[in-house]
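Me: I would like to take a close look at a single part of this structure, the metal site, and then see what surrounds it in the rest of the chain. Could you go through it slowly, in connected steps, for someone in the first year of study?

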Amino acid sequence: MAMRGGAVVTFEDFFPVMVERLGARGFMEELSKGFRLLMDKEKGVITLESLKRNAGLLGLSGMSDDDVRSMLREGDLDGDGTLDEKEFCVLMFRLSPGLMKGSKEMLEEAIDS
Ligand SMILES: [Ca+2]
């Protein structure tokens, strides 16, 4: 799958290593923690503002406004302008070519459970 916009290609692909170390379940918990770090605490979803405000916590502080906006747009599957936890997990997987190879089933399983 080609990356639209290409704004987030600098994202380091360390997820496969994390999965190996933590296992599927542990990795999903890490993703979930990441989501909670980035989300707007009142709304329970990631918004443009909450992402901009908190991106530095995940080592993404070098992102420009445009990068943040494209990341949000890239991940926003239902078009409501925010990322819920599932959209965030799907986006993280799509940003990681290494994970995309073998872990789609794992993602679906983890999200469904
Ligand atoms: Ca959404």
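Reply: In sequence, the donor residues of the calcium ion follow the spacing D-x1-D-x1-D-x1-T-x4-E. Please keep in mind throughout that this is a predicted model. The residues that coordinate the calcium ion are D76, D78, D80, T82 and E87, at 2.3 to 2.5 Å. D76, D78 and D80 each take part through an OD atom, T82 gives its O atom, and E87 appears twice, each time with an OE atom.

The arrangement of these donors deserves some care. For six octahedral donors the ideal angles at a metal are 90 or 180 degrees. Here the angles among the six donor atoms run from 53 to 156°, and the site of the calcium ion is irregular. The donor residues can also be examined for their accessibility: D76 counts as buried, because its relative accessibility of 15% is under the 20% limit, whereas D80, with a relative accessible area of 47%, is partly exposed.

We can now turn to the helices of the chain, beginning with α3, which covers residues 65–75. Its buried residues are V68, S70, M71, L72, E74 and G75, and these pack against α2 and α4.

This brings us to the nonpolar core. In soluble globular proteins, nonpolar side chains tend to be buried together. The largest nonpolar core here has 24 residues, and those that touch the most other members are F15, F27, L31, I46, L51, F88 and M92. Two or more residues of this core come from each of α1 (15–38), α2 (48–54), α3 (65–75) and α4 (85–94), with α1 giving the largest share, eight residues.

F15 is a good residue to follow through this core. F15 lies in helix α1 and, at 5% relative accessibility, counts as buried. Leaving aside neighbours within four places in sequence, F15 is in contact with F27, L31, M92, S96 and L99. One of these partners, F27, is twelve residues from F15 in sequence, and the two C-alpha atoms are 8.3 Å apart. F15 and F27 also belong, together with F93, to a cluster linked by ring pairs.

The aromatic pairs, of which the count comes to three, let us see how helices α1 and α4 are connected. The rings of F27 and F93 have centres 5.9 Å apart and planes at 65°, so this pair is edge-to-face. F27 sits in helix α1 and F93 in helix α4, and the pair therefore links parts of the chain that are 66 residues apart. Both F27 and F93 are buried. F35 and F88 form a tilted pair, with 5.8 Å from centre to centre and 50° between the planes. Because F35 is in helix α1 and F88 in helix α4, this pair ties together parts 53 residues apart in sequence. F35 is buried at a relative accessible area of 3%, and F88 is buried at 2%.

Finally, a word on confidence. The chain averages a pLDDT of 81, and 75% of the residues score at least 70. Among its elements, α2 has the highest mean pLDDT (91) and helix α6, residues 104–112, the lowest (65). Over residues 5–10 the pLDDT is below 50, and beyond near neighbours in sequence this stretch has seven contacts in the model.

Note on methods: Residues are numbered from 1 along each chain as its sequence is written. This is a predicted model: local features need pLDDT of at least 70, side-chain atom pairs count only at pLDDT 80 or more; totals for chains, interfaces and linings use all residues. Side-chain values use heavy atoms; hydrogens and water are left out. Donors are N, O and S atoms within 2.8 Å of the metal (3.2 Å for Na, K and Ca); water is not among the atoms, so sites may look incomplete. Four donors count as tetrahedral if all angles lie between 85 and 135 degrees; four count as square planar and six as octahedral if opposite donors are over 155 degrees apart and all others between 65 and 115; anything else is irregular. Buried means under 20% relative accessible area, exposed over 50%, partly exposed in between (1.4 Å probe, protein chains only). A nonpolar core is a set of buried Ala, Val, Leu, Ile, Met, Phe, Trp, Tyr and Cys residues joined through side-chain atoms within 4.5 Å. Helices (H or I, at least four residues) and strands (E, at least two) are DSSP runs, numbered from the N terminus. Contact means heavy atoms within 4.5 Å. pLDDT is the predictor's confidence in each residue, from 0 to 100. Rings of Phe, Tyr and Trp (its six-membered ring) pair if their centres lie within 6.5 Å; planes under 30 degrees apart count as stacked, over 60 as edge-to-face and the rest as tilted.
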